[in-house]
Amino acid sequence: QVQLVESGGGLVQAGGSLRLSCAASGSIFSIVAMGWYRQAPGKQRELVAAITSGGSTNYADSVKGRFTISRDNAKNTVYLQMNSLKPEDTAVYYCNAAIKNYNRRVGDYWGQGTQVTVSS
């Protein structure tokens, strides 16, 4: 099995910064891609940022220029550096990973979520 453990959420004032981390562990042959999604109350879960094993990145328009996704392949960890935070960034942030196991099958995994609250 695979586990994703997130950390780094919290309460911050508008304009501040936070860094989220997500570490994958378990039966991992390779990690195809990792990313962050968020879900605000009453809204659908949306992609925030994603990064492939080759380092290609993708961002939601609403966070471009403010958020940066990166990964440490040796640690099976993905990071989300969030700068210039806005109240509308308030949401539960979920880590997501597409992971190939030793049977060469790719599974989709989710973390438990971490709350990010930005006060105005």
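In which loop is Asn76 found? In this predicted model, Asn76 belongs to the loop that runs between β7 (67–72) and β8 (77–82). The phi angle of Asn76 is near 50°, a positive value in a residue other than glycine. Most residues other than glycine have a negative phi. With a relative accessibility of 24%, Asn76 counts as partly exposed, given that burial requires a value under 20%.

The secondary structure of the protein chain consists of 11 strands, with zero helices. Along the sequence, the elements accordingly read β-β-β-β-β-β-β-β-β-β-β. The radius of gyration of the protein chain is 14 Å, close to the 14 Å that the globule rule gives for 120 residues, so the chain is as compact as a globular protein of that length. Taken along the principal axes, the box filled by the C-alpha atoms is roughly 50 × 25 × 20 Å. Of the 120 residues in the protein chain, 41% are buried. Where contacts between residues at least 6 apart in sequence are considered, 55% join residues at least 24 apart.

The accessible surface of the protein chain amounts to about 6,300 Å², and carbon and sulfur atoms contribute 46% of it. Charged side chains comprise 12 positive and 7 negative groups, with the centres of the two sets 7 Å apart.

Strand β1 (residues 2–7) displays an alternating arrangement of side chains. Val2, Leu4 and Glu6 point to one face and are buried, whereas Gln3, Val5 and Ser7 point to the other face and are not buried. The acidic residue Glu6 is thus placed on the buried face together with Val2 and Leu4. Strand β1 pairs with strand β3 (residues 18–26) in the antiparallel sense, over six bridges. Within this pairing, Gln3 has Ser25 of β3 as its bridge partner.

A further antiparallel pairing joins strand β9 (residues 91–100) to strand β10 (residues 106–110) over five bridges. Ala98 stands opposite Asp108 of β10. The two strands form a hairpin with five residues between them. Arg104 lies in the loop between β9 and β10, and its phi is near 70°, again a positive value in a residue other than glycine. The relative accessible area of Arg104 is 48%, and the residue is therefore classed as partly exposed, the exposed class being reserved for values over 50%.

How values were computed. Residues numbered from 1 in each chain as written. Predicted model: local features only at pLDDT ≥ 70, side-chain atom pairs only at ≥ 80, totals over all residues. Heavy atoms only, no water. Helix = DSSP H or I, 4+ residues; strand = E, 2+ residues; numbered from the N terminus. Rg over C-alpha atoms; globule rule 2.2 N^0.38 Å. Buried < 20%, exposed > 50% of the residue type's maximum accessible area, 1.4 Å probe, protein only. Contact = heavy atoms within 4.5 Å. Areas by Shrake-Rupley, 256 points an atom, 1.4 Å probe, with all protein chains shown as cover. Lys, Arg positive; Asp, Glu negative; His and termini not counted. Charge placed at Lys NZ, Arg CZ, Asp CG, Glu CD. Pairing = 2+ DSSP bridges.
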